[in-house]
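Here's a quick briefing to read alongside the model. Have the viewer open and follow along.

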Amino acid sequence: MRKRIAVFANGWGSEYLQQVGEGIEEVAAKADADVFYFVNFSVHAFDSVENQGEFNIMTLPNLKDFDSAILLTNSFNLQSETDYLQKKIVETKIPAVSLLIPLEHCAYVEADNYSGAYDVTEHLIQKHGVKNLLFIGGFKEHEECRMRLHAVKSAANANGAVLLDSDILFGDWSAKSAENCMESWLRFNRRLPDAIICANDIMAMAVCDLLNGRGIKVPEQVMVTGFDCLKEGRDHWPSLTSVSQEWKLMGQMAARNLVDRMNGKECEMHIRVESRMTLGMSCGCVTEEEWEKTYIGNRKENIGQKVNGMAVDQHFRHLYMSIRKDKSLEDLHHSLSAYYLAESWMEGKDIRICINPEFFKTIDNEEAMKQVGYPDVMDVVCSMADGKAEKLTTMTREETIFHTSDRSDRAGVYLFVPIHSDSISYGYAMLGRNIDIISDNILYIWTRHMRQDMEQVRSNIQIEELTKRLEALSVTDGLTRAYNRNGCEQILYPFAEEVQKSGHQIMFFIADLDRLKQINDCFGHANGDVALKLVAKAISEAVPEGFLVARFGGDEFMVIGEYDGKLTVEELEDRIYQGAKAEGEKANVGYTISLSIGGVLVEQGKPFDVKECLQTADKRMYQIKKEHHRFM
């Protein structure tokens, strides 16, 4: 049996995840091991209910089913994710590696944040004569931010440059936070620093754009550096001087450590990967001409990406159009299977979309889907294996994870993402052997489109159920829950006509509650309502299965059913009468519940005539009522 490696990550850093993934997959393929990614998109700034829906994918796998695990811990945005996975690793005792953040019971792949940041700072001072520095970091308490700041301070002190405490600013790693930091600093400082060192490329690009927008030239008037060596930063104007953390090498080192440990070898538990300074235009070391040669070389790729963007948009629009009217499990299965048979270039040939069975049930079950984790059994609404659609089925959570890998004759890569609406967990999706979908945040876009599509289907289900409820209300008596007069017109009469047309006979009854006015006058209208409810209950329980009951008027009930030859009209009249009387005695209402009932058996083959049946049944009912009043 092939070894199984579980990889847990937050997908926002798509370039980081893709490069680390490439390293992991190279080593895993050579070792004939399957790789299973569990990726979410939680964010500090998200509402907690949104993050709950994202977090659930981390709970999907049972680590006992895996041989080892890799945690891209530095990518996690929630401490709860780290705590949960660390606890599971301790419980299962499987070999595990944590990237960039040390964790107990895990091997640790460390990126040398310090040396790369030190080299960049020293380069600015020694090569370019920089004296005054400004540092813009990510989260103040984030370990990587602290290490990069420490390196900048150390290099500045060692080389005679100045970094004042007032010139150390913190954002949240985002472009917007860097803009806010820079605008605030410019507002209160008349001088420009010689160089601005940013803790990542995203913030560095934002700073460059803001300065250039204000007529402050980079690098002529102020130099700017980043960290991470993103492709976006290399293609930016000006291209960034940055630090490469050698992410692919990290992935390779992590996977090699696990493969060796799975094979029983003793391994180093602390692995250090050297970071490397990369030069760009933003410090003046790369000329415009040199950058243009590289940029022009990438231009064809960029054009291809724009075409790709159009194809991506069209793909999602076609998917939405395929399922936008679906409102059942069968509808969704048919639509998704047909769609992916025709168009699966983005997701690959192995796809599985697993939905919480509660998704297709009553609209009153939202709380049932606001759970931590997923149900033990899932509806597999779409399952594509090697480009072929599989039947609609249910699977256990374990089966949904390993269904494809267990049937494959070669090692594979499988990617799992959550599908939810805030904390309402719809399910999850598996995409197989197509890790390229991680690039350019396409995976995030995919999950959001799938979420919106499932919200549309869920809305369809809710609308259909609400429509049915409204239709039921329109034909239902609010007091007794029997059909009302409108229900007679829409349901009882058409039912009787169909029975007669089929060659069977109809039994037709009118039942009137005796002395309702007296009950209301003596015991109050609330007791009159109780009496009507008891009568409706008694009639429904007394008549054979398949008979329909309606409250025809204030104290009148109509009963229609197919004659089965077992009970005569008189016998059923007596059965209803005795049932109503017994209900009153059982409820101890303090008054007698008595019914006057008139029934008729419509001749076989004769068309159903409502007026004629009413007249005949009424005539018999009033005869009985006279008898009742004589003795009451």
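## Starting point: V475

Setting aside neighbours within four places in sequence, V475 is in contact (heavy atoms within 4.5 Å) with A482, Y483, N484, N486, G487, Q490 and I491. You're looking at a predicted model here: local features need pLDDT of at least 70, side-chain atom pairs count only at pLDDT 80 or more, and totals for chains, interfaces and linings use all residues. Numbering runs from 1 along each chain as its sequence is written, and side-chain values use heavy atoms, with hydrogens and water left out.

**More on V475**

- V475 sits in the loop between α13 (442-474) and α14 (485-501); helices here are DSSP runs of H or I with at least four residues, strands are runs of E with at least two, and both are numbered from the N terminus.
- With a relative accessible area of 5%, V475 is buried; the cut-offs are under 20% for buried, over 50% for exposed and partly exposed in between, using a 1.4 Å probe and protein chains only.
- From V475 to Q126 it's 87 Å, C-alpha to C-alpha, and the two are 349 residues apart in sequence.

**The whole chain**

- The protein chain has a radius of gyration of 37 Å, whereas a compact globule of 632 residues would come out near 26 Å; the radius is taken over C-alpha atoms, and the globule rule is 2.2 Å times the number of residues to the power 0.38.
- Along the principal axes, the C-alpha atoms fill a box of roughly 120 × 60 × 45 Å.
- There are 18 helices and 22 strands in the protein chain.
- Of the 632 residues, 54% are buried.
- Take the contacts with a separation of 6 or more: 75% of them are between residues 24 or more positions apart.
- The accessible surface comes to about 28900 Å², and 49% of it belongs to carbon and sulfur atoms; areas come from the Shrake-Rupley method with a 1.4 Å probe, and for residues only the protein chains shown count as cover.
- The mean positions of the 70 positive and 96 negative charges are 1 Å apart. Lys and Arg count as positive and Asp and Glu as negative, with His and the chain ends not counted, and each charge is placed at NZ of Lys, CZ of Arg, CG of Asp or CD of Glu.

**Two helices**

- Helix α1 (14-30) has 17 residues and reaches 24 Å from its first C-alpha to its last, close to the 24 Å expected at 1.5 Å a residue; the expected span is 1.5 Å times one less than the number of residues.
- α1 is largely enclosed by the rest of the structure, because 12 of its 17 residues are buried. Among them are Y16, L17, V20, G21, I24, V27 and A28.
- Helix α16 (residues 525-542) has 18 residues and reaches 26 Å end to end between C-alphas, close to the 26 Å expected.
- Buried residues in α16 include G528, A531, L532, L534, V535, A538, I539 and A542. Their cover includes β19 (506-513), α15 (516-523), β20 (548-551), β21 (556-562), α17 (569-587) and β22 (595-601).

**Strand residue M223**

- M223 is in strand β9, and at 12% relative accessibility it counts as buried.
- Beyond residues up to four places away in sequence, M223 touches L124, H128, V130, D194, A195, I196, S282 and C283.
- The C-alpha atoms of M223 and L534 are separated by 87 Å, with their positions 311 residues apart along the chain.

**Backbone oddities**

- Most residues other than glycine have a negative phi, and most peptide bonds are trans.
- D32 goes the other way, with a positive phi of about 55° although it isn't a glycine. D32 follows α1, in the loop before β2 (33-40), and is partly exposed at 39% relative accessibility.
- D422 also isn't a glycine, and its phi is positive, near 55°. It lies in the loop between β17 (413-421) and β18 (424-432), partly exposed with a relative accessible area of 35%.
- V218 and P219 are joined by a cis peptide bond, omega about 10°; P219 lies in the loop between α7 (201-213) and β9 (223-225).
- W237 and P238 are joined by a cis peptide bond too, omega about -5°, and P238 lies in the loop between α8 and β10.

**H236**

- H236 is in the loop between α8 (231-235) and β10 (242-244), and is buried at a relative accessible area of 12%.
- Not counting residues up to four places away in sequence, H236 touches M205, C208, D209 and W291.
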